[in-house]
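Biologist: Could you take me closely through one helix-to-helix contact, and then show me the rest of the structure around it? I'd like to know which parts to read with care.

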Amino acid sequence: MNTERWAELRAASDSWLTRREVPPAEQELRALRGDVQRAGRRRAMTLMAGVASMAAGVAIVIAIRSATDKPHAITFALNGGLGKTGEVWGNTNRETTVTFSDGSEVKASSAAEARVVALSERGAEIRLEQGELHARVIHRDETRWAVHAGHFTIRVTGTSFTAGWDPKTERVRIAMDEGRVVVFGPCLADTGEALVGGESREWKCGAPAAPTSTSTGPVPVLPTSTPTSTVPVPVPVLPTPTSNPTPRPSASPALGHNAPDGRILSGSEPTPPTSNPTVPAPVPVPEPPPVPAPPEPTWRDLAKTRRYQDAWTAAKSTNASAQASSVELYELAEVARLAGDRAGAVQLYRSIRDRFSGSAEAARAAFQLGRLSGSSETYGWMQTYLREQPTGAFASETLGRLIELSMARGDRPTATTYAKQYLAQYPTGAHAEYARSVVGP
Amino acid sequence: MTTTHVFPIPESKEHALVDGLRGKKSWAERELLVDYRPYAARVLCRMLGPRSDLDDLVHDVFVRALECIERLEPGQSIAGWLGAIAVFIAREDIRRHKRRRWLSFFSFDALPERESVEASPEISRALSAVYEALDTLEPDERIVFSLRHLDERKLEEIADLVECSLATVKRRLARADTAFAERAANDLWLADWLAEGHL
């Protein structure tokens, strides 16, 4: 098992433990004494009642379960209580987490608004009103999960993905972590569009949005006939001989309009001349005032929803590292690493070392540089970390690694020194047995 | 019983505290709470993860400790004694949630809220993924696994805390390691994250 990873989790848990609010000891002690007294009285009564109720209870449970043949719908927990369908959640200043009894979990970003609209024994349906949510759906036989965003429906069978919906621009965006989803919408084929792990795509019915930088899939295929979906289509209605001759203005004129053959064109594509000269010319309609676009998510927002590639792209485009604090710069380096940009991550870790020398982040950066560097540099970075954080969160792993590296170099005296230091600090640590073998009898 | 996982408290002070607790002295109860509450919280947190109801469980540990104070032997390690109670409370909690999941129509608070940890996105996700994987293990195996890997306990210490033989601890740990590895293998991100940690 991986000792370094456990150390990282330990450090994070410890940090949470120390930061959380704890009731004052006196107040806790009063509650404690009261509970101890009540527990004593309750225990005596429970003993008598227990025997009688046990038999009755077992009979009732068996009766209920045998009487209800149909499986029960899953439940979900929200804000520490049992959630209700229709209850709107999110749109608070922090991320909202909804956990389902089948093990699935949905996290709504701080600006998101969503609600569970249906629950069944096979899954749930969620309506995303606005913002972004990250869903992690546990796959089981015949799992039926769906996220509705505007006119789009994302059908899920067991996967992890982020979905965003902007009701103003009517754009839906899906970024897949893993698994597979099928997206249905008025401008998509009736069989839907499948997305698999790693893909990221954005649609606006009326016009497909350009694929994002992380997209690996093809641009959605647009139907060549009028969509047959029963969901209202938020695109301009084309004048036809049988329809109302007054065309509606496009909600977003720059984004798309329909061609006479039913295709939906991008905003930049010129409108072909109409093939039906009997159609009256459109009556000019004043354009609605422009709706201000919602603020773009920052790289930290994106990182929180695990869109590391997008977060890294956003950070680079805004030159986020220039004004970042030591904590932010370390987080940014982590994002770069998780986005797969090893060179970028190394550069940022080195930048932390240069700009914030002596900080805790600088020491942690040394440790990460030790992990990411070649073996020749690892030794030096590990020594640096240990010098700067001799009892830090990674100290035991660093010492363990230094023992191994020293032995690999044939430098037993140094290895022995590190081994003795390790045993003094971590006599029961994961490397203790190895350290003892190096120190010898 | 020995333990190295608690802040150093002078032996003489600990002996006096044990005597005070056995004598049901209020100062000793207060001191126990003040000195050992962080320790109990840490042991529970290792087994159950950062949870919104952690303080309720810590409270339960101390209620139980004061209820059965007569079982605390003179000279016994308070940390070991409280640790064993924390293990008992954690096991009960895990089983209760499993039962409530089974009895789905009784599933109020079946899923305690996982607290968000102020850590990097990577660590937050890893914490969540690890405890999700642990949720699928058998309670006894989960406890042994958590105490060994997340709390860095020696096997002998774990045997004391879970009150079973060393051989049983080894068997449980082997089963837990296998089950966790299988569960992690199904989560590509977690598998990758764990593998990255190899230096």
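Modeller: Happy to. Helices (H or I, at least four residues) and strands (E, at least two) are DSSP runs, numbered from the N terminus. By that count, chain A has 11 helices and 17 strands, while chain B has 9 helices and 0 strands. Residues are numbered from 1 along each chain as its sequence is written, with chains lettered from A and ligands numbered from 1 in the order in which they are written. This is a predicted model, in which local features need pLDDT of at least 70, side-chain atom pairs count only at pLDDT 80 or more, and totals for chains, interfaces and linings use all residues.

The contact to look at is in chain B, whose elements run α-α-α-α-α-α-α-α-α along the sequence. Helix 6 (residues 139–150) of chain B and helix 8 (residues 166–185) of chain B have axes that come within 8 Å and cross at roughly 90°. (Axes are lines fitted to C-alpha atoms, for helices over the stretch in contact, with angles from 0 to 180 degrees between N-to-C directions.) That is why helix 6 of chain B counts as roughly perpendicular to helix 8 of chain B, the word for angles of 65 to 115 degrees; under 35 is roughly parallel, over 145 roughly antiparallel and the rest oblique.

Who makes the contact? Two residues are in contact if their C-beta atoms, placed from the backbone, lie within 7 Å. From helix 6 of chain B come Asp140(B), Glu141(B), Arg142(B), Val144(B), Phe145(B) and Arg148(B). Helix 8 of chain B answers with Val169(B), Arg172(B), Leu173(B), Arg175(B), Ala176(B), Asp177(B), Ala179(B) and Phe180(B). Together these residues divide into 7 nonpolar, no polar and 7 charged (Ala, Val, Leu, Ile, Met, Phe, Trp, Tyr, Cys and Pro count as nonpolar, Asp, Glu, Lys and Arg as charged, and the others, Gly among them, as polar).

Val169(B), in helix 8 of chain B, is a good residue to zoom in on. With 25 C-beta neighbours inside 10 Å, Val169(B) counts as buried (20 or more other C-beta atoms within 10 Å, placed from the backbone; 12 or fewer is exposed, and in between is partly exposed). Beyond its neighbours within four places in sequence, Val169(B) is in contact with Val144(B), Leu155(B), Ile158(B), Ala159(B), Val162(B) and Cys164(B). Phe145(B) is 24 residues from Val169(B) in sequence, and their C-alpha atoms are 9.4 Å apart.

Just before that helix comes Glu163(B), in the loop between helix 7 (155–162) and helix 8 of chain B. Glu163(B) has a phi near 55°, a positive value in a residue other than glycine, and with 10 C-beta neighbours inside 10 Å it counts as exposed. Chain A offers a counterpart in Asn319(A), with a positive phi of about 55° although it is not a glycine. Asn319(A) sits in the loop between helix 4 (308–317) and helix 5 (326–338) of chain A, and is exposed, with 9 other C-beta atoms within 10 Å. Most residues other than glycine have a negative phi.

Now to the wider setting. Of the 199 residues of chain B, 44% count as buried; of the 441 residues of chain A, 37% do. A nonpolar core is a set of buried Ala, Val, Leu, Ile, Met, Phe, Trp, Tyr and Cys residues joined through C-beta atoms within 7 Å. The largest has 106 residues, and Ala333(A), Val335(A), Ala40(B), Leu44(B), Val61(B), Leu82(B) and Ala86(B) touch the most other members. Helix 2 (residues 26–48) of chain B gives the most to this core, with 11 residues.

Where should you read with care? Chain A averages a pLDDT (the predictor's confidence in each residue, from 0 to 100) of 72, and 69% of its residues score at least 70. Among its elements, helix 10 (residues 412–425) of chain A has the highest mean (90), and strand 17 (residues 264–266) of chain A the lowest (35). Residues 66–70 of chain A fall below 50 and have 0 contacts beyond near neighbours in sequence. Residues 207–282 of chain A are also below 50, with 108 such contacts in the model. Where pLDDT is low, the predicted coordinates should not be read in detail.
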